[in-house]
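Got the model open in your viewer? Here's a stop-by-stop tour, with something to select at each point.

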Amino acid sequence: MRLATWNVNSIAARLPRLLEWLEQTAPHVVCLQETKIADALFPRAEIEALGYEVAPHGLGQWNGVAVLSRVGLEGVTAGLPGAPPTTPPEARALGARCAGVRVWSVYVPNGREVGHPQYVYKLDWLRALHAVLAAELESERELVVCGDFNVAPTDADVWDPEAFATSTHITVPERQALAELRALGLEDVVPRPLKYDRPFTYWDYRAGNFHKNLGMRIDLVYATAEVAAAVTDAYVDRDARKGKGPSDHAPVVVDLRDPAPPGGLLPSGAASGEGG
DNA sequence: ATGCCTTATTTCATAAGA
């Protein structure tokens, strides 16, 4: 199964590129962020025409997430229970079950500035995410949380930590929030870069930052051990950041071995012909 | 060439992104 996550920065603006990318990349499940569109206006027909079921969660022109799947889409839950209330309300999370895997698409608040009310909101939101995932992980074995976390997990995930010394995205409390998610049993599925040494997923539109590779790794895939063990490849599709009218984020693509056959794992020593 | 920002709405200007 091929799983992907992509902050498209407006699905209306990105639709031609998204459709082209879906046809070329052929993911089975796609988590989208910053769709920036109300559900009633979501370009459902164009995406369904490519064989996907669509679960959007958008409340207006800002934020917005979605899950696309061509391997089943059940148990959709829009929104993050326990998230801090906002005016107007914000659509930043959606969960669904696709081919037996519980999949979350999340768009963590930016935070704006350290100490800003938006920064407090960001940390509160991450706490709410932690609580929801902790509850689900009591019964879910195959779960993956994909999205724009707006946090660079380590200094190596920022092109220049000095440039962010007083900024959000790298502070101890933000990184601690990620560490607490990992402490639930979630593993950071680090993709390989297709060029250069680090798997950045975001480059500012300004000043030719993409072309200078001045990026950040803030789009993450956090997976349970069962899912992480099935990963055969993971990469940042930086080609999608090139050309005319790109998002400022690149997709992260993760390939997983086919799930175990119905009835569970084969008995130890009885496996044959596996490894495909 | 990958090529120096783009999205949105309160639109010919401004706020926000990270």
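Start by selecting β5 and β6 (residues 93–98): these two strands pair in the antiparallel sense over three bridges. Strands here, like helices, are DSSP runs numbered from the N terminus (E, at least two residues, for strands; H or I, at least four, for helices), and two strands count as paired if DSSP finds at least two bridges between them. Show Thr77 and you'll find Gly95 of β6 standing opposite.

A word on ground rules: this is a predicted model, in which local features need pLDDT of at least 70 and side-chain atom pairs count only at pLDDT 80 or more, while totals for chains, interfaces and linings use all residues. Residues are numbered from 1 along each chain as its sequence is written, chains are lettered from A and ligands numbered from 1 in the order in which they are written, and side-chain values use heavy atoms, with hydrogens and water left out.

Now widen the selection to the whole sheet. It is an open one of six strands with mixed pairing, running β5-β6-β7-β8-β12-β9. Its edges are β5 (74–78) and β9 (186–188), each of which pairs on one side only. From one strand to the next, the twist averages 20 degrees; the axes behind that angle are lines fitted to C-alpha atoms (for helices over the stretch in contact), and angles run from 0 to 180 degrees between N-to-C directions.

Before leaving, look in the loop between β5 and β6 for Pro88. The peptide bond leading into Pro88 from Thr87 is cis, with omega near -5 degrees.

Next stop: the other six-stranded sheet. This open sheet goes β3-β4-β2-β1-β14-β13, again with mixed pairing. Here β3 (53–57) and β13 (231–236) are the edge strands, pairing on one side only. Neighbouring strands are turned by 10 degrees against each other on average, with direction ignored.

Inside this sheet, pick β1 (residues 2–7) and β2 (residues 29–33), which pair in the parallel sense over five bridges. Asn7 sits opposite Gln33 of β2. Then follow the chain into the loop between β2 and α2 (44–48), where you'll find Lys36. Lys36 has a phi near 55 degrees, a positive value in a residue other than glycine.

Time for the DNA. Which residues come nearest to strand B? Of the 27 around it, they are Gln61, His169, Lys195, Tyr205 and Ala207. "Around" means having a heavy atom within 4 Å. Colour that surface by class and you get nine nonpolar, 11 polar and seven charged residues; nonpolar covers Ala, Val, Leu, Ile, Met, Phe, Trp, Tyr, Cys and Pro, charged covers Asp, Glu, Lys and Arg, and the others, Gly among them, are polar. On the DNA side, 72% of the strand B atoms within 4 Å of the protein belong to sugar or phosphate, and the rest to bases.

Three distances are worth drawing:

- Ala207: a polar backbone atom is 2.7 Å from a phosphate oxygen of DNA strand B.
- Gly243: a polar backbone atom is 3.1 Å from a phosphate oxygen of DNA strand B.
- His169: a side-chain N or O atom is 3.2 Å from a sugar or linking oxygen of DNA strand B.

Technical notes
Polar contact = N/O pair within 3.5 Å; in protein donor to acceptor, adjacent residues only side chain to side chain.
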